[in-house]
Amino acid sequence: MRCPYCGKEMEDGWLKSSAAIHWGKEHTLGFIQEDIKLTGGFWKGLWQGFFAKAHRCGGCGAVILVPKE
């Protein structure tokens with residue numbers, strides 16, 4: 001996939017975090033009712049984490065999430 005911002009080739013991978021990643025209109029801490037959870041959760045052994053399939057541009061740093069199937 002080519003980056004829509006700079007045109008360079010993007011890498012396939014995963015956006016990962018030890019906490020859920022949310023999107024919201026306001027710059028606030030904590031969970032707001034209107035926030036949208038961007039990550040799907042998984043449990044593996046004793047470690048809990050969150051992930052979302054994504055593409056990353058090494059040129060400009062853009063990250064694009066892949067839609068859920």
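How many helices and strands does the secondary structure of the chain come to? The count is 0 helices and 6 strands.

**Figure 1. Overview of the predicted chain.** This is a predicted model. From the N terminus on, the elements run β-β-β-β-β-β. The chain has 69 residues, and 14% of these count as buried. Its accessible surface comes to about 5,900 Å². Carbon and sulfur atoms hold 57% of that surface. Among contacts with a separation of 6 or more, 46% join residues 24 or more positions apart.

**Figure 2. Confidence along the chain.** The average pLDDT is 81. A score of at least 70 is reached by 75% of the residues. Confidence is lowest in strand β4, residues 40-44, where the mean is 59. It is highest in β6, with a mean of 93.

**Figure 3. Close-up of His 55 in strand β5.** Strand β5 covers residues 47-57 and includes His 55. Is His 55 buried or exposed? His 55 counts as buried because its relative accessibility is 14%, below the 20% cut-off. Its side chain makes a polar contact with the side chain of Asp 12, at 2.6 Å. Leaving aside residues up to four places away in sequence, His 55 touches Met 1, Met 10, Glu 11 and Asp 12, and also Ala 62, Val 63, Ile 64 and Val 66. Asp 12 is thus both a polar partner of His 55 and one of the residues that His 55 touches.

**Figure 4. Close-up of a nonpolar surface patch.** Which residues form this patch? They are Trp 23, Ile 36, Leu 38, Val 63 and Leu 65. Together they have about 420 Å² of accessible area. Leu 38 lies in the loop between β3, residues 36-37, and β4. Leu 38 is partly exposed because its relative accessible area is 31%, between the cut-offs of 20% and 50%. Val 63 belongs to the patch and is also among the residues that His 55 touches.

**Figure 5. Close-up of Pro 67 after strand β6.** Strand β6 spans residues 63-65, and Pro 67 lies in the segment that follows. Why does Pro 67 count as exposed? Its relative accessible area is 66%, and exposed means over 50%. Where is Ala 52 relative to Pro 67? The two residues are 15 residues apart in sequence. In space they are 9.0 Å apart, C-alpha to C-alpha.

Notes
Residues are numbered from 1 along each chain as its sequence is written. This is a predicted model: local features need pLDDT of at least 70, side-chain atom pairs count only at pLDDT 80 or more; totals for chains, interfaces and linings use all residues. Side-chain values use heavy atoms; hydrogens and water are left out. Helices (H or I, at least four residues) and strands (E, at least two) are DSSP runs, numbered from the N terminus. Buried means under 20% relative accessible area, exposed over 50%, partly exposed in between (1.4 Å probe, protein chains only). pLDDT is the predictor's confidence in each residue, from 0 to 100. Patches are made of residues with over 30% relative accessible area and no salt bridge: like charges are joined within 9 Å, nonpolar side chains (Val, Leu, Ile, Met, Phe, Trp, Tyr) within 5 Å. Accessible areas come from the Shrake-Rupley method with a 1.4 Å probe; for residues, only the protein chains shown count as cover. A salt bridge is a side-chain nitrogen of Lys or Arg within 4 Å of a carboxyl oxygen of Asp or Glu. Contact means heavy atoms within 4.5 Å. A polar contact is a pair of N or O atoms within 3.5 Å; within protein, one must be able to donate a hydrogen and the other to accept it, and residues adjacent in sequence count only if both atoms are side-chain atoms.
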